[in-house]
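Reader: Please show me the model, and then let us go through some residues one at a time.

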Amino acid sequence: MGLLSWIVIGLLTGFLTRRFSGRPGGLIPTLVLAVVGALIGGYISVFFSYGTLAEMEPRAMLIALAGALIMVLLIKKLRI
C-alpha cells in the first residue's frame, strides 16, 4: 500500500503544483517529476526506518510529499 500511496501523493502534488505555479511545460512531465520525487522521498523514509512499503506511516507520507515538492520546485528553478 505504501508504494501506491507514494505514487498518489506524487500525482496530487504534481497536479496541484502545475495548477498553482503556472510552470511552463506540460502536465505529464510535471506529474512524472512529482511521482519520481515522491518515490525518492518514500525510499529515503524506508532507509531511515520512518516507515515501510507495507504500512502508511504519516512521517513517510510527509517525506514523500516533501520529495515531490522539492523535485518539482528544483526543476522549475533550474528551468529544465
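Reader: Is Thr13 buried or exposed?
Author: This is a predicted model, in which local features need pLDDT of at least 70 and side-chain atom pairs count only at pLDDT 80 or more, while totals for chains, interfaces and linings use all residues. Residues are numbered from 1 along each chain as its sequence is written, and side-chain values use heavy atoms, with hydrogens and water left out. Buried means under 20% relative accessible area, exposed over 50%, and partly exposed in between, with a 1.4 Å probe and protein chains only. Because its relative accessible area is 6%, Thr13 is buried.

Reader: Which backbone oxygen lies 2.7 Å from a polar atom of the Thr13 side chain?
Author: Thr13 sits in helix H1, residues 2–21; helices here are DSSP runs of H or I with at least four residues, strands are runs of E with at least two, and both are numbered from the N terminus. The partner of the Thr13 side chain at 2.7 Å is the backbone oxygen of Ile9.

Reader: Which residues does Thr13 contact, leaving aside neighbours within four places in sequence?
Author: Contact means heavy atoms within 4.5 Å. Seen from the other side, Ala34 has Thr13 among its contacts, along with Gly10, Gly14, Ala68 and Val72, under the exclusion of neighbours within four places in sequence. For Thr13, the list is Ala34, Leu65, Ala68 and Leu69.

Reader: Which element gives the most residues to the largest nonpolar core?
Author: A nonpolar core is a set of buried Ala, Val, Leu, Ile, Met, Phe, Trp, Tyr and Cys residues joined through side-chain atoms within 4.5 Å. The largest has 12 residues, among them Trp6, Ile9, Ala34, Ala68 and Val72. Two or more residues come from each of H1, H2 and H3. The most, 7 residues, come from H3.

Reader: Is Thr52 buried or partly exposed?
Author: Thr52 is in the loop between helix H2 (27–47) and helix H3 (58–78). Thr52 and Leu3 are 49 residues apart in sequence, with their C-alpha atoms 9.1 Å apart in space. Since the relative accessible area of Thr52 is 38%, this residue counts as partly exposed.

Reader: What is the relative accessibility of Ile44?
Author: Ile44 is found in helix H2. Ile44 counts as partly exposed, so its value falls between the two cut-offs already given, at 38%.

Reader: What share of the protein's residues count as buried?
Author: The protein has 3 helices and 0 strands, in the pattern α-α-α along the sequence. Of its 80 residues, the buried share is 35%.

Conventions:
A polar contact is a pair of N or O atoms within 3.5 Å; within protein, one must be able to donate a hydrogen and the other to accept it, and residues adjacent in sequence count only if both atoms are side-chain atoms.
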